[in-house]
Amino acid sequence: MLEAMLSRLNRWALKHIGRDWLDYVASNTMTDFNRRWNDFIWTYDLQAIVVGIKDEAPDVKTITLMPNQLWKGMEPGQYIALNAKVNGEAVSRYYSLSPMEDDCFTITVKRVKGGKLSNWVHTELKPGMVLSIGQPQGHFCYRQQSKILFICAGAGITPCYSMLKSLLGYHIRPDMAMYAQFGAAQDVIFKDTLQRWRSEGLSLVEALSRPSAQDKASGQFAPTLDVSNIEALFPDFRERDIYLCGPQGFMDKVVNILKEMGYDLGKLDSERFVAHEIKPLTPADFKAAQAEIYFRHLDRRVQLTEADQGLSLMQIAERHGVPVETGCRQGMCGTCKLILREGDVVGNMLGNAVYLCTAFPASNKLVLDA
(Lines give C-alpha, C1' and ligand atoms only; values in the text may rest on other atoms or scores of the structure.)
Protein backbone atom coordinates (compact mmCIF):
# COMPACT_ATOMS: atom_id res chain seq x y z
CA MET A 1 0.00 0.00 0.00
CA LEU A 2 2.73 2.46 1.01
CA GLU A 3 4.81 1.49 -2.06
CA ALA A 4 1.83 2.17 -4.35
CA MET A 5 1.25 5.58 -2.74
CA LEU A 6 4.94 6.45 -3.06
CA SER A 7 4.93 5.39 -6.71
CA ARG A 8 1.95 7.68 -7.41
CA LEU A 9 3.66 10.52 -5.53
CA ASN A 10 6.85 10.14 -7.55
CA ARG A 11 4.92 10.11 -10.82
CA TRP A 12 3.01 13.23 -9.75
CA ALA A 13 6.25 15.00 -8.81
CA LEU A 14 7.95 14.18 -12.12
CA LYS A 15 4.92 15.34 -14.09
CA HIS A 16 4.07 18.52 -12.20
CA ILE A 17 7.34 19.69 -10.64
CA GLY A 18 9.60 18.62 -13.48
CA ARG A 19 12.94 16.86 -13.66
CA ASP A 20 15.10 20.00 -13.50
CA TRP A 21 13.55 21.23 -10.27
CA LEU A 22 13.53 17.76 -8.74
CA ASP A 23 17.20 17.36 -9.61
CA TYR A 24 17.97 20.70 -7.94
CA VAL A 25 15.98 19.89 -4.79
CA ALA A 26 17.21 16.30 -4.45
CA SER A 27 20.88 17.17 -5.02
CA ASN A 28 20.71 19.85 -2.32
CA THR A 29 18.80 17.77 0.24
CA MET A 30 20.59 14.43 -0.15
CA THR A 31 20.44 12.92 3.34
CA ASP A 32 20.33 9.35 4.62
CA PHE A 33 16.79 9.94 5.89
CA ASN A 34 15.54 11.18 2.51
CA ARG A 35 17.24 8.31 0.70
CA ARG A 36 15.65 5.77 3.04
CA TRP A 37 12.08 7.02 2.63
CA ASN A 38 12.26 7.74 -1.11
CA ASP A 39 15.27 6.30 -2.92
CA PHE A 40 13.68 6.92 -6.33
CA ILE A 41 14.12 10.73 -6.10
CA TRP A 42 16.91 10.98 -3.53
CA THR A 43 19.41 8.89 -5.42
CA TYR A 44 22.46 9.17 -7.61
CA ASP A 45 21.18 6.35 -9.85
CA LEU A 46 19.05 6.59 -12.97
CA GLN A 47 15.85 4.63 -12.38
CA ALA A 48 12.39 4.35 -13.93
CA ILE A 49 8.92 3.48 -12.63
CA VAL A 50 6.93 0.87 -14.53
CA VAL A 51 3.79 2.81 -15.48
CA GLY A 52 2.10 0.19 -17.66
CA ILE A 53 2.53 -3.17 -19.38
CA LYS A 54 0.79 -4.05 -22.66
CA ASP A 55 0.61 -7.40 -24.44
CA GLU A 56 1.80 -6.42 -27.91
CA ALA A 57 1.84 -9.88 -29.55
CA PRO A 58 2.41 -13.46 -28.34
CA ASP A 59 5.51 -13.39 -26.12
CA VAL A 60 5.97 -9.66 -26.75
CA LYS A 61 5.24 -6.97 -24.15
CA THR A 62 5.55 -3.19 -24.37
CA ILE A 63 6.61 -1.62 -21.07
CA THR A 64 5.87 2.06 -20.34
CA LEU A 65 8.53 3.63 -18.12
CA MET A 66 8.80 7.01 -16.41
CA PRO A 67 12.46 7.85 -15.62
CA ASN A 68 13.48 9.89 -12.59
CA GLN A 69 15.06 13.34 -12.66
CA LEU A 70 18.50 12.00 -13.65
CA TRP A 71 17.25 11.25 -17.18
CA LYS A 72 19.25 13.25 -19.75
CA GLY A 73 16.94 12.91 -22.75
CA MET A 74 17.03 10.73 -25.86
CA GLU A 75 16.93 10.62 -29.63
CA PRO A 76 14.52 8.29 -31.45
CA GLY A 77 16.35 5.11 -32.40
CA GLN A 78 18.55 5.02 -29.29
CA TYR A 79 18.45 2.27 -26.67
CA ILE A 80 18.98 1.82 -22.94
CA ALA A 81 20.45 -0.88 -20.75
CA LEU A 82 17.81 -2.47 -18.52
CA ASN A 83 19.35 -3.86 -15.32
CA ALA A 84 17.83 -6.33 -12.88
CA LYS A 85 18.71 -9.07 -10.43
CA VAL A 86 17.39 -12.41 -11.63
CA ASN A 87 17.75 -15.23 -9.10
CA GLY A 88 20.45 -13.23 -7.37
CA GLU A 89 22.42 -12.60 -10.58
CA ALA A 90 22.91 -9.09 -12.00
CA VAL A 91 21.69 -9.11 -15.61
CA SER A 92 21.69 -6.31 -18.21
CA ARG A 93 20.16 -6.25 -21.68
CA TYR A 94 19.68 -3.52 -24.28
CA TYR A 95 16.27 -2.36 -25.53
CA SER A 96 15.32 0.33 -28.03
CA LEU A 97 13.22 3.29 -26.92
CA SER A 98 10.06 4.83 -28.24
CA PRO A 99 9.85 8.66 -28.36
CA MET A 100 8.92 10.34 -25.06
CA GLU A 101 5.22 10.98 -24.51
CA ASP A 102 3.74 12.40 -21.31
CA ASP A 103 7.19 12.14 -19.64
CA CYS A 104 7.35 8.41 -20.43
CA PHE A 105 8.93 6.15 -23.02
CA THR A 106 8.36 2.50 -23.87
CA ILE A 107 10.54 -0.51 -24.53
CA THR A 108 9.28 -3.63 -26.29
CA VAL A 109 10.56 -6.93 -24.91
CA LYS A 110 10.28 -10.22 -26.78
CA ARG A 111 10.49 -13.32 -24.62
CA VAL A 112 13.56 -15.30 -25.68
CA LYS A 113 13.81 -19.01 -24.93
CA GLY A 114 16.32 -19.27 -22.10
CA GLY A 115 16.63 -15.48 -21.91
CA LYS A 116 17.17 -14.54 -18.27
CA LEU A 117 15.98 -10.95 -18.40
CA SER A 118 13.27 -11.27 -21.04
CA ASN A 119 11.61 -14.12 -19.16
CA TRP A 120 11.88 -12.19 -15.89
CA VAL A 121 10.19 -9.18 -17.52
CA HIS A 122 7.37 -11.37 -18.81
CA THR A 123 6.74 -13.22 -15.54
CA GLU A 124 7.78 -10.90 -12.70
CA LEU A 125 7.51 -7.28 -13.82
CA LYS A 126 4.48 -5.37 -12.48
CA PRO A 127 3.26 -1.75 -12.71
CA GLY A 128 4.70 0.36 -9.90
CA MET A 129 8.01 -1.48 -9.77
CA VAL A 130 11.22 0.53 -10.08
CA LEU A 131 13.94 -0.52 -12.51
CA SER A 132 17.58 0.45 -12.85
CA ILE A 133 18.31 1.72 -16.36
CA GLY A 134 21.17 3.30 -18.29
CA GLN A 135 21.25 6.62 -20.11
CA PRO A 136 20.27 6.44 -23.79
CA GLN A 137 23.06 5.54 -26.18
CA GLY A 138 23.63 4.48 -29.75
CA HIS A 139 23.82 6.18 -33.14
CA PHE A 140 21.05 4.38 -35.02
CA CYS A 141 19.25 7.69 -35.44
CA TYR A 142 17.87 9.78 -38.30
CA ARG A 143 20.62 11.81 -39.96
CA GLN A 144 18.60 14.31 -42.00
CA GLN A 145 18.41 12.29 -45.22
CA SER A 146 15.69 13.27 -47.67
CA LYS A 147 14.64 9.75 -48.73
CA ILE A 148 14.74 6.81 -46.34
CA LEU A 149 13.60 3.20 -46.17
CA PHE A 150 13.18 1.31 -42.91
CA ILE A 151 13.67 -2.46 -43.26
CA CYS A 152 12.96 -4.43 -40.09
CA ALA A 153 11.81 -7.78 -38.77
CA GLY A 154 10.29 -8.94 -35.49
CA ALA A 155 11.27 -6.93 -32.43
CA GLY A 156 13.78 -5.15 -34.68
CA ILE A 157 10.90 -2.88 -35.68
CA THR A 158 11.26 -0.97 -32.39
CA PRO A 159 14.02 1.55 -33.25
CA CYS A 160 12.60 2.00 -36.78
CA TYR A 161 9.13 2.57 -35.33
CA SER A 162 10.62 5.10 -32.92
CA MET A 163 12.30 7.12 -35.68
CA LEU A 164 9.31 6.93 -38.02
CA LYS A 165 6.86 7.98 -35.31
CA SER A 166 9.02 10.98 -34.49
CA LEU A 167 9.47 11.96 -38.16
CA LEU A 168 5.72 11.86 -38.77
CA GLY A 169 5.48 14.78 -36.36
CA TYR A 170 7.89 16.92 -38.40
CA HIS A 171 6.43 19.93 -40.20
CA ILE A 172 8.51 19.02 -43.27
CA ARG A 173 8.92 15.26 -43.46
CA PRO A 174 11.43 13.23 -45.42
CA ASP A 175 10.17 10.80 -48.05
CA MET A 176 9.69 7.62 -45.96
CA ALA A 177 8.86 3.98 -46.64
CA MET A 178 8.89 0.89 -44.44
CA TYR A 179 9.19 -2.86 -44.90
CA ALA A 180 8.24 -4.82 -41.75
CA GLN A 181 8.44 -8.61 -41.59
CA PHE A 182 6.96 -10.93 -38.97
CA GLY A 183 6.29 -14.64 -38.60
CA ALA A 184 2.49 -14.71 -38.82
CA ALA A 185 -0.27 -12.11 -38.56
CA GLN A 186 -0.59 -12.69 -34.81
CA ASP A 187 3.09 -11.76 -34.40
CA VAL A 188 2.76 -8.24 -35.84
CA ILE A 189 4.10 -5.69 -33.34
CA PHE A 190 2.45 -2.23 -33.16
CA LYS A 191 -0.36 -3.63 -35.32
CA ASP A 192 -2.91 -0.85 -34.73
CA THR A 193 -0.38 1.93 -35.33
CA LEU A 194 0.90 0.32 -38.52
CA GLN A 195 -2.64 0.01 -39.86
CA ARG A 196 -3.32 3.65 -39.07
CA TRP A 197 -0.11 4.79 -40.76
CA ARG A 198 -0.98 2.82 -43.87
CA SER A 199 -4.46 4.34 -43.97
CA GLU A 200 -2.88 7.79 -43.67
CA GLY A 201 -0.77 7.18 -46.78
CA LEU A 202 2.57 5.85 -45.50
CA SER A 203 4.31 3.55 -47.98
CA LEU A 204 4.28 0.49 -45.72
CA VAL A 205 4.81 -3.14 -46.75
CA GLU A 206 4.12 -5.91 -44.24
CA ALA A 207 5.34 -9.43 -44.98
CA LEU A 208 5.07 -12.77 -43.19
CA SER A 209 7.71 -15.49 -43.17
CA ARG A 210 5.32 -18.17 -41.81
CA PRO A 211 1.83 -17.14 -42.98
CA SER A 212 -1.18 -19.29 -42.19
CA ALA A 213 -3.77 -20.10 -44.86
CA GLN A 214 -5.95 -17.37 -43.39
CA ASP A 215 -3.07 -14.89 -43.51
CA LYS A 216 -2.53 -15.65 -47.19
CA ALA A 217 -6.24 -15.33 -47.96
CA SER A 218 -6.43 -11.91 -46.33
CA GLY A 219 -4.40 -10.33 -49.14
CA GLN A 220 -2.95 -7.87 -46.64
CA PHE A 221 0.60 -9.21 -46.59
CA ALA A 222 3.33 -9.16 -49.23
CA PRO A 223 5.84 -11.93 -49.99
CA THR A 224 9.08 -11.72 -48.04
CA LEU A 225 11.81 -9.55 -49.49
CA ASP A 226 14.18 -11.05 -52.04
CA VAL A 227 16.10 -10.17 -55.20
CA SER A 228 13.08 -10.85 -57.39
CA ASN A 229 10.69 -8.42 -55.71
CA ILE A 230 12.62 -5.61 -54.02
CA GLU A 231 12.34 -3.34 -57.09
CA ALA A 232 8.62 -4.05 -57.41
CA LEU A 233 8.06 -3.24 -53.73
CA PHE A 234 10.37 -0.21 -53.63
CA PRO A 235 11.29 0.94 -57.17
CA ASP A 236 13.54 3.75 -55.90
CA PHE A 237 15.29 1.81 -53.10
CA ARG A 238 18.74 2.62 -54.54
CA GLU A 239 18.00 6.32 -54.00
CA ARG A 240 17.07 5.82 -50.36
CA ASP A 241 19.19 5.64 -47.23
CA ILE A 242 18.23 2.39 -45.50
CA TYR A 243 17.88 1.71 -41.78
CA LEU A 244 18.01 -2.03 -41.07
CA CYS A 245 17.21 -3.91 -37.87
CA GLY A 246 16.16 -7.45 -37.03
CA PRO A 247 17.49 -10.93 -36.32
CA GLN A 248 21.00 -11.59 -37.60
CA GLY A 249 19.90 -14.06 -40.30
CA PHE A 250 17.33 -11.58 -41.61
CA MET A 251 19.85 -8.74 -41.76
CA ASP A 252 22.46 -10.91 -43.48
CA LYS A 253 19.86 -11.86 -46.09
CA VAL A 254 18.90 -8.21 -46.70
CA VAL A 255 22.56 -7.17 -47.05
CA ASN A 256 23.11 -9.92 -49.63
CA ILE A 257 20.01 -8.78 -51.56
CA LEU A 258 21.25 -5.18 -51.56
CA LYS A 259 24.73 -6.24 -52.68
CA GLU A 260 23.33 -8.31 -55.55
CA MET A 261 21.11 -5.43 -56.64
CA GLY A 262 23.97 -2.94 -56.72
CA TYR A 263 22.94 -0.85 -53.71
CA ASP A 264 25.59 1.47 -52.23
CA LEU A 265 26.14 -0.11 -48.80
CA GLY A 266 27.65 3.14 -47.57
CA LYS A 267 24.03 4.38 -47.32
CA LEU A 268 23.03 1.47 -45.07
CA ASP A 269 22.76 1.87 -41.29
CA SER A 270 22.00 -1.06 -39.00
CA GLU A 271 21.27 -1.97 -35.39
CA ARG A 272 21.58 -5.31 -33.63
CA PHE A 273 21.79 -6.68 -30.11
CA VAL A 274 23.57 -10.00 -30.55
CA ALA A 275 26.88 -10.41 -28.78
CA HIS A 276 29.89 -11.57 -30.83
CA GLU A 277 32.77 -13.55 -29.46
CA ILE A 278 35.93 -11.46 -29.24
CA LYS A 279 38.91 -13.47 -30.42
CA PRO A 280 42.05 -12.66 -32.44
CA LEU A 281 40.85 -13.25 -35.98
CA THR A 282 43.77 -11.49 -37.67
CA PRO A 283 44.94 -13.67 -40.60
CA ALA A 284 48.18 -15.51 -39.93
CA ASP A 285 49.85 -13.89 -42.94
CA PHE A 286 48.88 -10.34 -41.84
CA LYS A 287 51.82 -8.44 -40.35
CA ALA A 288 50.71 -5.49 -38.26
CA ALA A 289 54.11 -3.79 -38.44
CA GLN A 290 53.56 -3.19 -42.17
CA ALA A 291 50.03 -1.77 -41.91
CA GLU A 292 48.42 1.66 -41.56
CA ILE A 293 44.90 2.56 -40.49
CA TYR A 294 43.39 5.91 -41.45
CA PHE A 295 40.42 7.09 -39.37
CA ARG A 296 39.18 9.56 -41.98
CA HIS A 297 36.44 11.20 -39.87
CA LEU A 298 39.05 12.06 -37.21
CA ASP A 299 41.89 12.69 -39.72
CA ARG A 300 44.12 10.36 -37.70
CA ARG A 301 46.63 7.92 -39.18
CA VAL A 302 47.97 5.03 -37.16
CA GLN A 303 51.12 3.16 -38.16
CA LEU A 304 50.80 -0.26 -36.58
CA THR A 305 53.64 -1.96 -34.72
CA GLU A 306 54.37 -5.55 -33.78
CA ALA A 307 52.58 -4.91 -30.47
CA ASP A 308 49.32 -4.40 -32.40
CA GLN A 309 49.38 -7.94 -33.81
CA GLY A 310 46.18 -9.78 -32.90
CA LEU A 311 44.42 -6.72 -31.43
CA SER A 312 40.94 -5.63 -32.43
CA LEU A 313 40.49 -2.34 -34.26
CA MET A 314 39.17 -0.78 -31.05
CA GLN A 315 42.15 -2.00 -29.03
CA ILE A 316 44.50 -0.60 -31.69
CA ALA A 317 42.71 2.76 -31.68
CA GLU A 318 42.82 3.02 -27.90
CA ARG A 319 46.46 1.93 -27.75
CA HIS A 320 47.40 4.76 -30.13
CA GLY A 321 45.19 7.39 -28.49
CA VAL A 322 42.56 7.61 -31.26
CA PRO A 323 39.31 8.84 -29.61
CA VAL A 324 36.85 6.32 -31.05
CA GLU A 325 33.47 5.94 -29.40
CA THR A 326 32.88 2.84 -27.29
CA GLY A 327 29.84 1.03 -25.95
CA CYS A 328 29.15 -2.58 -25.00
CA ARG A 329 32.49 -3.91 -26.36
CA GLN A 330 30.69 -7.10 -27.41
CA GLY A 331 29.75 -6.23 -30.98
CA MET A 332 26.13 -5.57 -30.04
CA CYS A 333 25.27 -1.93 -29.62
CA GLY A 334 26.95 -0.39 -32.67
CA THR A 335 28.33 2.63 -30.80
CA CYS A 336 31.84 1.96 -32.15
CA LYS A 337 30.64 1.15 -35.67
CA LEU A 338 32.45 2.77 -38.62
CA ILE A 339 32.20 2.38 -42.40
CA LEU A 340 34.91 0.55 -44.30
CA ARG A 341 36.01 2.77 -47.21
CA GLU A 342 39.17 0.97 -48.29
CA GLY A 343 41.01 -2.23 -47.41
CA ASP A 344 39.91 -5.44 -45.68
CA VAL A 345 38.91 -6.45 -42.18
CA VAL A 346 37.82 -9.76 -40.68
CA GLY A 347 35.38 -10.42 -37.88
CA ASN A 348 32.22 -8.53 -37.07
CA MET A 349 30.81 -6.72 -40.11
CA LEU A 350 27.39 -6.07 -41.61
CA GLY A 351 27.67 -4.86 -45.18
CA ASN A 352 30.30 -2.12 -45.06
CA ALA A 353 29.72 -1.46 -41.36
CA VAL A 354 32.62 -2.52 -39.15
CA TYR A 355 32.14 -3.09 -35.40
CA LEU A 356 35.57 -2.02 -34.13
CA CYS A 357 35.41 -3.92 -30.85
CA THR A 358 35.07 -7.31 -32.57
CA ALA A 359 36.76 -6.76 -35.94
CA PHE A 360 40.43 -7.01 -36.92
CA PRO A 361 42.64 -5.50 -39.68
CA ALA A 362 43.39 -7.75 -42.65
CA SER A 363 45.15 -5.48 -45.15
CA ASN A 364 48.15 -3.20 -45.09
CA LYS A 365 46.04 -0.12 -45.83
CA LEU A 366 42.73 0.44 -44.10
CA VAL A 367 40.45 3.48 -44.33
CA LEU A 368 37.54 3.84 -41.89
CA ASP A 369 34.99 6.65 -41.78
CA ALA A 370 31.90 7.63 -39.81
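This text walks through one sheet, the helix packed on it, and several salt bridges. The model is predicted: local features need pLDDT of at least 70, side-chain atom pairs count only at pLDDT 80 or more, and totals for chains, interfaces and linings use all residues. Residues are numbered from 1 along each chain as its sequence is written, and side-chain values use heavy atoms, with hydrogens and water left out.

Start with the sheet. Strands of a sheet pair through backbone hydrogen bonds, either parallel or antiparallel. Here six strands form an open sheet, and the pairing is antiparallel. Their order is 4-3-6-1-2-5. Helices (H or I, at least four residues) and strands (E, at least two) are DSSP runs, numbered from the N terminus. Two strands pair if DSSP finds at least two bridges between them. Strand 4 (89-96) and strand 5 (105-110) stand at the edges. Each has a single partner strand, so one side of each is left without a neighbour in the sheet. Neighbouring strands are turned by 45° against each other on average, direction ignored.

Now look at one pairing. Strand 3 (residues 79-86) meets strand 6 (residues 130-133) in the antiparallel sense, over two bridges. N83 has S132 of strand 6 as its bridge partner. Helix 4 (residues 116-124) packs on this sheet. The helix touches strand 2 (60-67), strand 3, strand 4, strand 5 and strand 6. Contact means heavy atoms within 4.5 Å. The direction of helix 4 makes about 80° with that of strand 3. Axes are lines fitted to C-alpha atoms, for helices over the stretch in contact, and angles run from 0 to 180 degrees between N-to-C directions.

Next come the charged pairs. A salt bridge is a side-chain nitrogen of Lys or Arg within 4 Å of a carboxyl oxygen of Asp or Glu. The whole structure holds 22 of them. One joins D103 to R19, with the closest N and O atoms 3.5 Å apart. D103 lies in the loop between strand 4 and strand 5, while R19 belongs to helix 2 (residues 19-28), 84 residues apart. D103 is partly exposed at 26% relative accessibility. R19 is buried at 14%. Buried means under 20% relative accessible area, exposed over 50%, partly exposed in between (1.4 Å probe, protein chains only).

D175 and R240 form another salt bridge, at 3.0 Å from N to O. D175 sits in strand 8 (residues 175-182). R240 is in the loop between helix 8 (230-233) and strand 10 (241-245). D175 is partly exposed, at 34%, whereas R240 is buried, at 6%. Both belong to a network of salt bridges that also links K147, D236 and E239.
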